[in-house]
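Reader: I have a model open and want to go through it with you. Can we start with the terms and then move to the details?

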Amino acid sequence: MEKLEALFDHIASRVNVNLSPMGVDVRSLLKNAIPRERHLLYYAFYALTEDHPISFQFSNSNLAGTYLLGKTLVDRSVLYKANIRGDELKRKGDIVEFNGVKTMLFYDEVIRIINSFLVKTLVHNHSKNPEVPEVFRILNTVAMHYSNIHGTTTEGVYLGAFSTADLSVMHNCIIGDFAYVQAGDLSRVTIEPGRVWVKANGLFEFNYIYPKGVVEKYVKLDDNGQLSGVFIDYVDEFKEDFIPIYSTATPELDIEVPESSYVSPYAVIKGDCEIGENTLIVQRAHVENSVIGRGANAQENCYIKNSIYEGNNVTAHGGKVIWTHNGKNVFVGFNSFVHGTKENQITIGRDSIIMPHTIIDAEEPIKIPVNSIVWGYVTKQEDLETQSMSLCDFAKSTGFTLGNATFTGDGKAFVEAFRHRISHIREENGSDYDGTDETRGHAQKTQDACFNILQPFQSGPEAGMYPTMTIGD
């Protein structure tokens, strides 16, 4: 595995060039994140459809378990279970707008990943990159376990476990474990673990910090790259369920799926489940003993168990929903942990928003009123008094301090931004599909996907690496 080790060293040196002035050395994290012998066992697969422009280029990269969809350039990167999903790539001639200024794309947008290390992570694509709109960039980035990257640009950014860099133009930045950041340019800024920070310059700013000890209970990454905590224990509980479906290029679904819906063959559907029309359940989602109503979706790395989705529900990447009844139009944000039990079930009223990186770990039955927004750490009904608010009241607010949360600015703009984002997700996923091309979304466009497998070299200095290849249209 000489070349694989050289690849890890190369990535570490490139990332450290940017992060060493901030007191960070990623070598130990890269060294221990994946046992080297596992690289011989994993294989990569990629999806092809008629709706997504094909252009995958792999150069000296160690891929594993990924599914590149859309125009992607990969150069000397260890990816490992990264989805990369270029399903919202813009095309040549499209008009994009940044800060009121419109510009036309000169060529088809591509996802460009260089010198990266992405472990069990997702790189989404609804780009918000004003610098070079044609290129969705990720440069000298280390993105650790179950972290999410969305809007690019990123440069020299080390993300902690279960962290999210959303709609972000970041530069040299470190994001702590389970931190959620949507704040634009973060040059030479370190984000502490468990901080939820949503900022729109001139409009609003929301800040929440988890109480001391909470983040460490749920997710903790030590200096040697070893991950522990409730989140990783929960995910590990179900990892064996994925082995059979990742052992073949054509896994079969043992469930009735409506013609207008799509369930990835690389998702786990287990026990007594019901799938409604216009639903989308993507790869690496895990659904067990649950009802997924019309127009609902479960995104990558979601875990839904013993729950009911009444319809048009969105569970963003990494969301975990257990023993919960979701009314219509409920949104559960990135990496949120909505954990009820059979004795202590959770009910979420219709039109409610569970903010990204929220932990609701029920010690008693919890009922969230309709049209609510919830954040923070909730274990009892009374916790909602300082970690939730009606969306109507939030929209009227110009600022508040409530528990560990502070908000300043235009509450109406904040709520409308969330509503617009959720509406966009539903539209892109085809939740309102009515049989016309105009309403087709991912649930309909991905139905004809075919999957192809790549395997790494098994011996010699190239062991664990994949052959260099170019796949183009």
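Author: Helices and strands here are DSSP runs, a strand having at least two residues and a helix at least four, numbered from the N terminus. The model itself is predicted.

Reader: Fine. Which strand holds Ile322?

Author: Ile322 is in strand E31, which covers residues 320-322.

Reader: Is Ile322 buried or exposed?

Author: Ile322 has a relative accessible area of 4%. Buried means under 20%, so Ile322 counts as buried.

Reader: What does Ile322 touch, leaving out residues up to four places away in sequence?

Author: Ile322 touches Tyr234, Lys305, Ser307, Phe337, Val338, His339 and Gly340.

Reader: And how far is Ile322 from Ser247, C-alpha to C-alpha?

Author: The separation is 27 Å, with the two positions 75 residues apart along the chain.

Reader: Let's move to the domains. How is the chain divided?

Author: Domain 1 is 2-193 + 448-471, and domain 2 is 250-400 + 408-439.

Reader: How many residues are in contact between domain 1 and domain 2?

Author: On the domain 1 side there are 24 residues, and on the domain 2 side 18. The area buried between the two domains is about 1900 Å², and carbon and sulfur atoms give 56% of that area.

Reader: Which three residues supply the most of what domain 1 buries against domain 2?

Author: Phe178, Tyr180 and Phe451, which supply 26% of that area.

Reader: What about polar links across the interface of domain 1 and domain 2?

Author: Five residue pairs are in polar contact there, both residues being at pLDDT 80 or more. The count of salt bridges between domain 1 and domain 2 is one.

Reader: Now the core. Which residues touch the most other members of the largest nonpolar core?

Author: Phe206, Met355, Trp375, Phe394 and Phe414 do, in a core of 80 residues. Helix H1, residues 2-19, gives the largest share of this core, seven residues.

Reader: Where does this core lie with respect to domain 1 and domain 2?

Author: The core lies between domain 1 and domain 2, because both give residues to it.

Reader: What does Phe394 touch, not counting residues up to four places away in sequence?

Author: Phe394 touches Phe206, Trp375 and Phe414. Its other contacts are Ile373, Met389, Phe400, Phe407, Gly411, Lys412 and Val415.

Reader: Which residues does the second, separate core include?

Author: Among them are Leu79, Ala82, Ile113 and Val123, in a core of 30 residues.

Reader: Back to charges. How many salt bridges does the count come to?

Author: The count comes to five salt bridges. One of them joins Arg421 and Asp166, with the closest N and O atoms 2.8 Å apart. Another is between Lys270 and Asp241, at 3.1 Å from N to O.

Reader: Where do Lys270 and Asp241 sit?

Author: Lys270 is in strand E22 (residues 268-270), and Asp241 is in the loop between helix H4 (230-237) and strand E21 (262-263). The two are 29 residues apart, and the pair links distant parts of the chain. Lys270 is partly exposed at 32% relative accessibility, and Asp241 is partly exposed at 22%.

Reader: And Glu277 with Arg294, what is the N to O distance?

Author: The side chains of Glu277 and Arg294 form a salt bridge at 2.3 Å. Glu277 is in the loop between strands E23 (274-275) and E24 (280-281), and Arg294 in the loop between strands E26 (291-292) and E27 (297-298), so the pair ties together parts that are 17 residues apart in sequence. Glu277 has a relative accessible area of 41% and is partly exposed. Arg294 is also partly exposed, at 44%.

Reader: Is Asp351 buried or exposed?

Author: Asp351 counts as buried, at 18% relative accessibility. Asp351 has a salt bridge with Arg350, 2.8 Å from N to O, and Arg350 is partly exposed at 47%.

Reader: Last one: where is Gly160?

Author: Gly160 is in the loop between strand E12 (157-159) and strand E13 (164-165). Gly160 is buried, with a relative accessible area of 0%. Leaving aside neighbours within four places in sequence, the residues in contact with Gly160 are Met144, Ser147, Ile175, Gly176 and Asp177.

Conventions
Residues numbered from 1 in each chain as written. Predicted model: local features only at pLDDT ≥ 70, side-chain atom pairs only at ≥ 80, totals over all residues. Heavy atoms only, no water. Core = buried A, V, L, I, M, F, W, Y, C linked by side-chain atoms within 4.5 Å. Buried < 20%, exposed > 50% of the residue type's maximum accessible area, 1.4 Å probe, protein only. Domains from an automatic or database assignment. Contact = heavy atoms within 4.5 Å. Buried area = accessible area lost by both parts, 1.4 Å probe. Salt bridge = Lys/Arg side-chain N within 4 Å of Asp/Glu carboxyl O. Polar contact = N/O pair within 3.5 Å; in protein donor to acceptor, adjacent residues only side chain to side chain.
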